[in-house]
Structure formats: structure tokens, C-alpha cells
Amino acid sequence: MKPTPALSPRRVLPAIFLALSAASMPAPAAQMFQPRGLQPNLVHNIGRPLRYAPDGHDFVIENGGEFFNRPLYGGNTAFRVDAGDLPEFSLYLPGRGGNLRLGIRAADGSAKWLHEAARVTARYRPGEMLYEIRDPLLGAGAVLRLHAIALHQTDGLIVRVEAENLAPAPGGGLELIAAYGGLNGKRGKRDGDIGTEAVPIGEYFQLKPEACSGNTFALDGPRFTLRAPPATLAALFPAAAKLALADAAHWSSPAALLASSPAGAPAPRTPVVAAVMPLDGAAAAAPLFLCLQRIQETNTDAAAAASAAVSTELADYAAVTSASRPGAKPAPVPIPLAPAFAAADLPRVFDETAAHFAAVRSQIAVETPDPFLNAAVAALNIGADAVWDEPQGAVMHGAIAWRSRLLGWRGPYAMDALGWHDRARRHLAYWATRQNTDPIPAKLPPPDENANLARSEAALHGNGDMANSHYDMNTVYIDALFRHFLWTGDLDFARGLWPVIERHLAWERRLFRREFGPEKLPLYEAYAQIWASDDLQYHGGGVTHASAYNHYHNAQAARLARLLDRRDRAAFYEREAALIARAMREFLWMPDKKMFGEFRDYLGLRRLHESPALWTFYHTLDANLVT
């Protein structure tokens, strides 16, 4: 591989231009022109050390500083647990499901939360979090190990605690402490995704005392039940654990929290549960298990309210999903929650959950000289599993933010690539039912004045459209559909979806086909059809990636038509594919650079834009237009 040049012209020239422009101005004007803090990206100021190191399938960090940046996905529902570099756990229902914090207390009463320990090694094993805690309170050479997994059998979290080399304290007394509370169901702007809330998520998901208002706890030996308007939650601690209510106002200090609600005192207005359990001897002899589990609400009114809260779309999501066609979006089929586990169940439940995620992260495995790539594939398996939503029978647009049944873009490819063909078929079959089959108007509706004539919603949402949003999400759906047929060879499914394909290709021709040159060769406009679409403006021109998509889809339609004995249609689509390929070679190919340009203007001088993007490179490869 050639070394990267120290100074890239693409990085340096804009900065030189700004500097020269400013130098030619009077001083006040130059000061006004230069944005504050402007600096070019140069080799000496872009180096950032990697925070995580790969180790087999794991990503490891020593004394990392982040809370809640590592989601643990459970059983293909919207429930998740946010862990992070530091050992605290935030449950998400969706909506805040409360925080679990762990700590240690010595015989002399000194205590600290585990995230305050002297040394914390965090290991993300895709689907799981493992921590090794070392601290003077534990003793020299002692290690406390936590292993946390979101349950796949139901909505919940299970944590296994083990200790090694604990030195016997005089008179004993080393204790594990835990605190939990704050279930209020509040949702973030985009469900707490990194970078989407008003504050960093390490701050956003911290427990606030007001989140505990309205929480009602029933304590029963080493277990408790929490009832709150959004959900009911059952928790189970080791048999020797002593539980008490505490005041969330003292959440930051373990010693103060444990002393905040003495026996006989009235329940605090902002309650959390504090648990204390022996550590020395107990966790060293056998693992301790802590389990938080969402259970079925027995009050039918409360259950209905909780279900409605979970299924309600956030405002950001509704903006692109609220225009649903009548009767075309069936309600999710909920998965029943499991009954509360018994103490004897927890070792088995933990082992089953660990085995489940071991299988998922090994769905596809690679062994290469690059340890980052090997670990990344294991994480990819978990991420791809996470975007599948079993109650809705569809691939979600995202696993955290945009966990919504949008037609979406590239997520569906993963289902076939990883061998989950049944999931791919369910997703593709669902969206086929959403296609608009209304009559095609004799004339396209005019552009919308409220969008500055940039689009026509009425035309976009006509016959053939599937997403019913302000994107062309049809294109990637059809691409995933053709590739599903190649993966599976399922001609029966293809036969059933043939009308869907034909309506889509007619929709593309009607809306986005542009003719160039005296032979009127077709290129296609790119109308918001890939992930980067929000930042792309092609002014109605002929675009390489959109044309590549349509070349491939027409070629695949011709191939499929022959298999389905529709030879008349095969000839039609073969001709369109050939014409698109000719147009791309004539109007988009750059012989001197031996690659395609980004797009060609439709108006004015019809110039070619000669700086292609990464998607222009890989879409032409995907479409078999180049080797």
C-alpha cells in the first residue's frame, strides 16, 4: 500500500484559500471572514489514539471514561440495556427503564461505586459486557468480575458476579452493594442514540431523582417488584441480600444512599432500592446472580397504557411514517413476557443467554491477519440481529435511533448475507403489501410550492411507491429483493412479487428517467435514495449511482422475466439496461481518470461533475458495470 501523503491538496487548498482571502482584506473584514477555531485537517493534528483494542472477538479498554456507550440487545424487541466502559447499566423499554449501579463496602464503612474503582478493565464481547475490577478496598491481587447480558428470552438484564483472591478482612465484612431505580418510561428525542440528545448520553442516561417519582416498590426478602405507569419490573438478588428503600437524592454517594432511609422511616418521595450482600467468601465460592426482569402487567388498564407508550412513534420518526396508507400498517404482534424467574433458574438462564449470543456472534466468522476485522465481524452479527424486530416481522431502520418500521436502506441485505433468509422474506413480503396501486394519472402533478418546487409529494407517492415518505426508499428495497432471489433461488416468491417489481420500474421511469444526447440515452436522477441522501443535491441531473441501480435492476428484471417465462418483458428490460450502460459510458465515464464522475447536469451546459463519491465507486461495482 502506498503511504498517505503528509499534506493532501484536498485538505490544504481550502485553508490556503481562506488564508489568502483574509490576508487581502482590511483587518476587521479578515477577522469577520475567518470562522473561529478554523484549522485545516493536517497530518499532525488528526492523529487520535485508538481507545479499544481487539482481543479475539472482544473489544477491550482499560480505565475508559464512558457511560452507556455500549448497547446490549436482547431478544429482537425494542428493549435494550446500555452498558459502557464503566460498570453501570441503564434499561430502555423503550423509554427509561431505570439504572442499576454496583459498588463495594468494607467493614469500616468505606464504600465506593465500581465505576470509581482504581482499575476497571471493560471487555465488550459482542452481545455481552465483562468487567474486571481492581481496587484497594478489595485487597491486593483481588479481582471482582462482572458479566452482564441482556436477556434474549424476555426483556431483562442478568449479571453474574465472581471474586478472586479476596483477602479475608479482619472480622469479615466486605460487601457487594447494588442500587436500582428511576423507571419512568421517558423517551429521548431519538431514543438515546449517541449524538442525538441535548447532552452526551453518558450524562443523558444518568439517574435523576425526579425519575423515581411514582415508583412503588414491594420488597420480599432478596427480591422486589417495582410498579410504575410505564412497566412492572421484578428483581432478584442473592439469597443473603438485604434490601431496603433509599432516597435517590443520595444516588452519587453509596455510603449516604445506604444511610438515607433508616428502618421505620417513611418511604422517600424519590425511592430506589439499595441491596447489601456479603462478598468475601460468597462470590469466591460460587457466582452471585442479579436479575432485573420486565414482567406482564396484571392491571389491564396499566398494561394497555404501557403498550400504547411503547408503540407510539417519536415525533422525528412520525415525520416520515405518519402518511401511512389506510390499513396498510398492521400493529405489531407482542411477544409475551416470561413470568418472574426463581432463584434456582438464574444459573441456567445465564448460561442459555450466553450460549444464545455466542451463537449469534458466530453466525459468520472470519479469520484474517487483521484482529480488528475479525472482531468487527462478530460485532456485525450482533448489530444485524439487533435491527430485526420479531414483533413487527421487519428490519428496523436502526437498532437504537430510528428503531422504526421504515422501508429503510441497507439493513435488509444483512439478513440474507448472514443466512437469515426467512427474516429477509418476511421483511420483503411485508413491504410488498405497502405498494401504491392507485391508477396512474395522465399527467404528473406539479411540484410543491411549500418545498420550494424541490419535490412533488403527490407524484412521488403515486402508483409504485412503497415508502410513502419524502425519500425514494423503493430503490434499495428492490435491490435487496433481487439479491434475495439470487441468494435463495425462490422462484415462487419471485413470481408473487413480479407485479411489485414492474410497478417499481415503471415508477422510476416515470419520475426519474432523464434523456441525454441526440439519441436520448437514459440516465436516472438520484432522488434521496441512499444513506447520504440528506446532504446530496443533484438538481435533476443524471447521476451515476442512481443510473447504476437502474441498470442492475433492469438487467435483473430481464433475467427473472426469462425464468418466469415472460420473454416479452425480458426484451423490454434488457433494452433499457443496455441503453443505461451506453449512457453511463458516454456521459459519465472519465477516460483520463478511468472512473465514473458523480453526475451530469440536466440543464445549462450539462457539465460533468468530476469528483465522484465513495458510493459512486461501489455502486458501479455492485451493478457489474466495471470489474
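What follows is a chat between a visitor and a guide about a predicted model.

Visitor: Let's start with the helices. Why is α15 called roughly antiparallel to α16?

Guide: Helix α15 (residues 544–563) and helix α16 (residues 567–587) pack at an angle of about 155°, their axes being 8 Å apart. Angles over 145 degrees count as roughly antiparallel, so α15 gets that label relative to α16. As for handedness, α15 passes α16 in a left-handed crossing.

Visitor: What makes R569 and E502 a salt bridge?

Guide: Their side chains meet at 2.8 Å, N to O, and the cut-off is within 4 Å, so the pair qualifies. R569 sits in helix α16 and E502 in helix α14 (residues 491–512), 67 residues apart, so this bridge links distant parts of the chain.

Visitor: Why is E502 called buried, and R569 partly exposed?

Guide: Buried means under 20% relative accessible area. E502 has 18%, so E502 is buried. R569 comes in at 22%, so R569 counts as partly exposed.

Visitor: How many salt bridges does the structure hold?

Guide: There are 34. One of them joins the side chains of R119 and E62, at 2.4 Å, N to O.

Visitor: How do you know that the R119 and E62 pair ties together parts that are apart in sequence?

Guide: Look at where the two residues lie: R119 is in strand β8 (residues 119–125) and E62 in strand β2 (residues 58–62), so the bridged parts are 57 residues apart in sequence.

Visitor: Are R119 and E62 buried or exposed, or in between?

Guide: Exposed would take over 50% and buried under 20%. R119 has 38%, so R119 is partly exposed. E62, with 40%, is partly exposed too.

Visitor: What makes E175 and R105 a salt bridge?

Guide: Their closest N and O atoms are 2.9 Å apart, and within 4 Å is what counts, so E175 and R105 pass. E175 belongs to strand β12 (residues 175–183) and R105 to strand β6 (residues 96–105), 70 residues apart. R105 has a relative accessible area of 22%, so R105 is partly exposed.

Visitor: Which residues are linked in a network of salt bridges?

Guide: That would be D55, D58, R123 and R125.

Visitor: And the nonpolar surface patch: what makes L621 eligible for it?

Guide: Patch residues need over 30% relative accessible area. L621 has 31%, so L621 clears that bar while counting as partly exposed. L621 lies in helix α17 (residues 614–622), and together with L614, F617 and Y618 makes a patch of about 380 Å².

Key: Residues are numbered from 1 along each chain as its sequence is written. This is a predicted model: local features need pLDDT of at least 70, side-chain atom pairs count only at pLDDT 80 or more; totals for chains, interfaces and linings use all residues. Side-chain values use heavy atoms; hydrogens and water are left out. Patches are made of residues with over 30% relative accessible area and no salt bridge: like charges are joined within 9 Å, nonpolar side chains (Val, Leu, Ile, Met, Phe, Trp, Tyr) within 5 Å. Accessible areas come from the Shrake-Rupley method with a 1.4 Å probe; for residues, only the protein chains shown count as cover. Helices (H or I, at least four residues) and strands (E, at least two) are DSSP runs, numbered from the N terminus. Buried means under 20% relative accessible area, exposed over 50%, partly exposed in between (1.4 Å probe, protein chains only). Axes are lines fitted to C-alpha atoms, for helices over the stretch in contact, and angles run from 0 to 180 degrees between N-to-C directions. Angles under 35 degrees count as roughly parallel, over 145 as roughly antiparallel, 65 to 115 as roughly perpendicular and the rest as oblique. A crossing is left-handed if the near helix is turned anticlockwise from the far one by less than a right angle, and right-handed if clockwise.
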